[in-house]
Amino acid sequence: MNLTKKMILGFSTISCILLISFTVYSYLNLHSQLTEKINAQVERELVVHAAELNRWLLEKIGIVQATAMMLSNDVDSIGIDHILHYKNDPDIVNMYIGFQDGRFLAGSGWIPPEDYYAPGRDWYKNAQAGEGVVLSDPYLDADTQQVVV
């Protein structure tokens with residue numbers, strides 16, 4: 001192999017190595033920048049959605065608090081008419097009240113089976129143990145079979 005061919009082969013090899021190195025460096029740099037930008041955008045979106053969810057939850061909590069205040073004066077005379085206002089809000093599937101003596105009142109008119117005992121339910125126990133409005137973990141509603149809070 002003559003000197004010219006060796007030089008061409010050497011320069012070609014060096015050029016390929018440099019081109020591959022530059023390509024890898026560019027890819028890694030671009031990947032890093034895009035990852036940072038995407039993460040920043042996701043974080044901004046999460047902040048916006050968390051604020052929207054918080055506002056939405058506070059609105060629903062306000063409805064529950066208003067109902068509780070309205071009902072707190074005379075527990076014995078509470079009827080279904082006292083909780084039907086929830087139907088004005090399309091996000092509220094149902095509103096119900098479990099009483100300490102086992103009675104149960106659902107705004108939907110649902111009548112629970114004989115073995116249904118509200119004070120034995122987790123949502124009832126958590127509400128009794130907490131102060132103010134207590135948000136339960138999501139659970140399957142016995143009436144609608146929907147996941148509710």
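At 49% relative accessibility, Arg55 counts as partly exposed, a label that covers the range between buried (under 20% relative accessible area) and exposed (over 50%), with a 1.4 Å probe and protein chains only. The model is a predicted one, in which local features need pLDDT of at least 70 and side-chain atom pairs count only at pLDDT 80 or more, while totals for chains, interfaces and linings use all residues. Residues are numbered from 1 along each chain as its sequence is written, and side-chain values use heavy atoms, with hydrogens and water left out.

Arg55 is a good way into the charged part of the structure. Its side chain meets that of Glu59 in a salt bridge, at 3.4 Å from N to O; the term stands for a side-chain nitrogen of Lys or Arg within 4 Å of a carboxyl oxygen of Asp or Glu. Both residues sit in helix α1, four residues apart, or about one turn of the helix. Helices (H or I, at least four residues) and strands (E, at least two) are DSSP runs, numbered from the N terminus. Glu59 is partly exposed too, with a relative accessible area of 39%, and its side chain also pairs with Lys60 in a salt bridge of 3.1 Å, N to O.

Lys60, in turn, is buried, at 9% relative accessible area. Its side chain forms a salt bridge with Asp91 (3.3 Å, N to O). This pair ties together distant parts of the chain: Lys60 belongs to helix α1 and Asp91 to the loop between α1 and β1, 31 residues apart. Asp91 is partly exposed, with 42% relative accessibility. Through shared partners, salt bridges join Arg55, Glu59, Lys60, Asp89 and Asp91 into one network. The structure holds five salt bridges.

Helix α1 spans residues 3-71 and also carries Leu46, which is exposed, with a relative accessible area of 55%. Leu46 joins Leu30, Leu34, Ile38 and Val42 in a nonpolar surface patch, together offering about 470 Å² of accessible area. Patches consist of residues with over 30% relative accessible area and no salt bridge, like charges being joined within 9 Å and nonpolar side chains (Val, Leu, Ile, Met, Phe, Trp, Tyr) within 5 Å. The areas come from the Shrake-Rupley method with a 1.4 Å probe, and for residues only the protein chains shown count as cover.

Then there is Tyr96, placed in strand β1 (residues 96-98). Leaving aside residues up to four places away in sequence, Tyr96 touches Ile83, Phe104, Leu105, Ala106, Trp123, Tyr139 and Asp141, contact meaning heavy atoms within 4.5 Å. The C-alpha atoms of Tyr96 and Tyr86, ten residues apart along the chain, are 9.9 Å from each other.
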